[in-house]
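This report concerns a protein together with its ligand. The sequence and the structure are shown first, and the surroundings of the ligand are taken up directly after them.

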Amino acid sequence: MKNFFQNAPEIKNTFQSDSFLQNYLKNKIPAEYQKSIFAHLNKVGDLAAGSWLQWATNAEANPPTLTQFSPWGKRIDEIKVSEGWLNLEKAAATEGIVATAFERKQKEFSRIYQMALLYLYSPSSAFYSCPLAMSDGAARALELYGTDELKKTAFKNLTSRDPETFWTSGQWMTERTGGSDVSGTSTTAKVGNAGYLLNGTKWFTSATTSQMALTLARIEGAEAGNRGLSLFYLELRDQNKNLNNIEVHRLKDKLGTKALPTAELTLNGTQATLIGQPGEGIKRIASVLNITRIYNSICALGHMRRALDLAWDYSKKRKAFGAFIIDHPLHKKTLNDLETKFQKSFKLTFFVVELLGKEECGIASEAEKKLLRALTPIVKLYTAKKSILISSEAIEAFGGAGYIEDTGLPRLLRDAQVFSIWEGTTNVLALDFMKVCEKEDALKAVFEVVQFTANSKLLLDAKWKNTENARELAFLVAELVIESIKA
Ligand code: MFK
């Protein structure tokens, strides 16, 4: 035993090893598109187990740094990121991880294809999926509400496949006064020579190395509260690469997502363009949130898959009590139970992706649009919680090794925790679902999917009017919808 060491878990082509994804795509994607999509996903599955994984490790080991002053005292606020992070950006552009959704070459199935790409990319991306989420959301907001000029410029960059012209976007909502409650936003906007000038401090800005951002501000004289907020487009740097009157105060020291630059910053007369009408800020930025929440669900799903792949692989290598641990019935049952949780999350997430694809192609029925609106917060909160649970159990499946930093395993749990926080916490999203049920009669749309069984009758219970039951309601709806989704 003196020279005995355990073997480390390994990741192989993540498309080939994922029969659940393959079977789903075989059932959903029309035959005419299957060959090219499968070939691309196979290539991506190889990259996710190879160079992308190495770049992600590099990015994680070399977190971003902020240099505020040049050697001669000039304020520069330069954020430096790792080589791995930059390579992951190029790969995202080249593989069309945002572009595929907007080219719509596979009609409403483009979203399924694009989200399958993201699902494979994300767990090997060190959270480069975060800037992609905001960029996709921003592209959708510009496609819907942007000026003709912005459609020709920013939208084109966000959906480019050329790393030289590819842009990412930030989504700056959070201020010191509140994360979920944006009604106290204190950033102001006043009319300038060209557009507006913004002044205010943003407390969390993710992926602060992006070329553009969408943000909320209150036009001078507008009413207090959320109805006084407007949506603005801004570019971070001018043509000479100077910051657009933005000061970066510091990078955040976070529990996880270490490779991702998240900063506090102040806008000091930042040039910006109004998107939509004054006072429409929340409704317009909601189109970003609805995309980023689905991204969050896909990334949580990819995260679960990665945690389980590692645990399954290890279970076939690690011997204890005279046998591989996979051959101990209780360990096998534990992993199988987690696998069932993953599969339920997968069904719900891709069901919502199908609805999104239909909506974006203009073929969703009114009931499907309502269902998409209602299930977006549900799928986000459901998958976030499952990914934390699965990450925790997967780490435990390694015993002590799962608790040791240089195995890379503790990161699974640290990173999973963010899924239930950003883009709306579990409670905020559960309450959002309740509001949609009240205002837009979303439960009617849910009932078109969920068969009217004894279980679904539970949804008519009067106790769901009470907001303290919102979480319980959200998880019940998730389970009932999953039960009724056909394979
Ligand atoms: C790996 C994946 C990475 C993901 C990217 C991570 C990047 C991280 C960057 C961030 O974390 S950005 C900050 C994220 N912040 C949030 O998610 C805010 C959470 N808070 C909410 O979601 C609130 O519900 C919200 C601020 C949107 C609104 O709350 P309010 O102020 O109480 O307003 P209300 O009354 O609920 O909604 C105002 C209007 O907007 C209503 O319309 P009406 O005026 O006609 O009644 C709503 O129907 C509409 N609305 C709200 N949410 C909507 C929506 N419409 C469509 N879709 C929605 N989701």
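## The shell around the ligand

Helix H10 gives the most to the shell around the ligand, contributing 8 residues. The elements that supply two or more residues to this shell are helix H7 (129-145), helix H10 (281-315) and helix H14 (426-440). The model described here is a predicted one.

In total, 27 residues surround the ligand, and those that come nearest are Asn-226, Asn-290, Arg-293, Lys-435 and Lys-439. Sorted by class, the shell holds 11 nonpolar, 9 polar and 7 charged residues.

## Polar contacts with the ligand

Nitrogen atoms of the ligand take part in the following pairs. An N or O atom in the side chain of Asn-290 is 2.9 Å from a nitrogen atom of the ligand. In the case of Ser-180, a backbone N or O atom lies 3.0 Å from a ligand nitrogen atom. For Arg-373, an N or O atom of the side chain is 3.3 Å from a nitrogen atom of the ligand.

On its own, the ligand has 1200 Å² of accessible area, and the protein covers 84% of this.

## The two domains

The domain assignment of the protein gives domain 1, spanning 169-280, and domain 2, spanning 281-487. Where does the ligand lie with respect to domain 1 and domain 2? The ligand lies between them, because both domains give residues to the shell around it.

Taken over C-alpha atoms, the centres of domain 1 and domain 2 are 30 Å apart. The contact draws 18 residues from domain 1 and 16 residues from domain 2. The size of an interface is often expressed as the accessible area that is lost when the parts come together. Between them, domain 1 and domain 2 bury about 1300 Å², of which 69% is on carbon and sulfur atoms. On the side of domain 1, Gln-171, Leu-255 and Glu-280 lose the most area to domain 2, together making up 39% of what that side buries.

## The setting of Arg-411

Arg-411 belongs to helix H13, which comprises residues 410-416. With neighbours within four places in sequence left aside, Arg-411 is in contact with Glu-60 and Ala-126.

Arg-411 may also be placed relative to Ala-474: the two are 63 residues apart in sequence, and their C-alpha atoms are 28 Å apart in space.

Technical notes
Residues are numbered from 1 along each chain as its sequence is written. This is a predicted model: local features need pLDDT of at least 70, side-chain atom pairs count only at pLDDT 80 or more; totals for chains, interfaces and linings use all residues. Side-chain values use heavy atoms; hydrogens and water are left out. A residue is near a molecule or strand if one of its heavy atoms lies within 4 Å of it. A polar contact is a pair of N or O atoms within 3.5 Å; within protein, one must be able to donate a hydrogen and the other to accept it, and residues adjacent in sequence count only if both atoms are side-chain atoms. Accessible areas come from the Shrake-Rupley method with a 1.4 Å probe; for residues, only the protein chains shown count as cover. Helices (H or I, at least four residues) and strands (E, at least two) are DSSP runs, numbered from the N terminus. Ala, Val, Leu, Ile, Met, Phe, Trp, Tyr, Cys and Pro count as nonpolar, Asp, Glu, Lys and Arg as charged, and the others, Gly among them, as polar. Domain bounds come from an automatic or database domain assignment. Contact means heavy atoms within 4.5 Å. Buried area is the accessible area (1.4 Å probe) that two parts lose on being put together, summed over both.
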